[in-house]
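Here are a few short exercises to work through with the model open on your screen. Try each task before reading its solution.

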Amino acid sequence: MFTAGLLAGGVLTAGVLWLLSGLFTPLPAGVRQGLIVAVALLAALRDAGKVSLRLPQNARQIPQDVLRRHLARGALQFGFELGTGVRTYVSASAPYALAVAVLLSGGSYVPALAAGLGFGAGRALTPALRRLSGDGERWDGLLARRLSGTTVLCSVLIAAAACAIFP
Amino acid sequence: MSESGRPAARPSGARTVRAPLTDPVLPLAVLGIAAVAAALYSPMLTWAVTGGLAGYSLSGSV
């Protein structure tokens, strides 16, 4: 249920961004691609600590009592809120880069749908791997040591992908 | 050998395999390779992989 919620949340946010993307279609494709790559690189620099930039986020945690009321429905809601990316902290810059990419992509809804599903699946990887590791605390320690490099690399890869996929 | 003369305890086979397969860096490596492959063959899949990267970058955040 949690993963279903994550996927649904990701699709919702991507869908809203896709609806708004029509506003930017008058911009030439080359300009939009340049902006997407620039924002992704800026995101990488921000995560690397080279650029200080405040970005909008909902600075709160999803209340734990969501899960206490009804386990299955709570897991769905918790996943959905996390999946939207706008209901809690955003601790990395790559989601902003993805949002800008969807916003400036224009065209068919299918890329936005794919990006939204991918976002939800990507968020689901963390709890899945932690659980599979069999030692959550050790896994948390490993993640903490590698988190900074991970976030930077994610943004760099998004920038590289933007160079390749834009129509 | 441990100090007591007995062989030092070694992790079981399952644990030995599990640790590298659940390493937090592994999804990043897989998604990175997938992004390159998808960019060459399937732009739509690249969007999904890109989304996955953005989602995974939020690891550790709830």
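The exercises below go from one chain to the contact between two chains.

This is a predicted model, in which local features need pLDDT of at least 70, side-chain atom pairs count only at pLDDT 80 or more, and totals for chains, interfaces and linings use all residues. Residues are numbered from 1 along each chain as its sequence is written, while chains are lettered from A and ligands numbered from 1 in the order in which they are written.

**Exercise 1.** Describe the secondary structure and compactness of chain A.

*Solution.* Start by counting elements: chain A has seven helices and zero strands (DSSP runs, H or I of at least four residues for helices and E of at least two for strands, numbered from the N terminus). Next, check compactness: the radius of gyration is 17 Å, close to the 15 Å from the globule rule for 167 residues, so chain A is as compact as a globular protein of that length. That radius is taken over C-alpha atoms, and the rule is 2.2 Å times the number of residues to the power 0.38. Finally, look at burial: 47% of the 167 residues of chain A count as buried (20 or more other C-beta atoms within 10 Å of a residue's own; exposed means 12 or fewer, partly exposed in between; C-beta atoms are placed from the backbone).

**Exercise 2.** Compare the span of helix 1 of chain A with the expected value, then find what covers its buried residues.

*Solution.* The expected span is 1.5 Å times one less than the number of residues. For the 20 residues of helix 1 (residues 2–21) of chain A this gives 28 Å, and the end C-alpha atoms are 28 Å apart, which agrees. Buried residues of this helix include A:Leu7, A:Val11 and A:Trp18. Their cover includes helix 4 (71–84), helix 5 (94–105) and helix 6 of chain A, together with helix 3 of chain B.

**Exercise 3.** Which element of chain B gives the most to the side that touches chain A?

*Solution.* First, the totals: 29 residues of chain B are in contact with 45 residues of chain A (C-beta atoms, placed from the backbone, within 7 Å). Helix 3 of chain B gives the most, with 13 residues.

**Exercise 4.** Describe how helix 6 of chain A meets helix 3 of chain B.

*Solution.* The axes of helix 6 (residues 110–133) of chain A and helix 3 (residues 43–56) of chain B come within 6 Å and cross at roughly 35°. Axes are lines fitted to C-alpha atoms over the stretch in contact, with angles from 0 to 180 degrees between N-to-C directions.

Definitions and conventions. Two residues are in contact if their C-beta atoms, placed from the backbone, lie within 7 Å.
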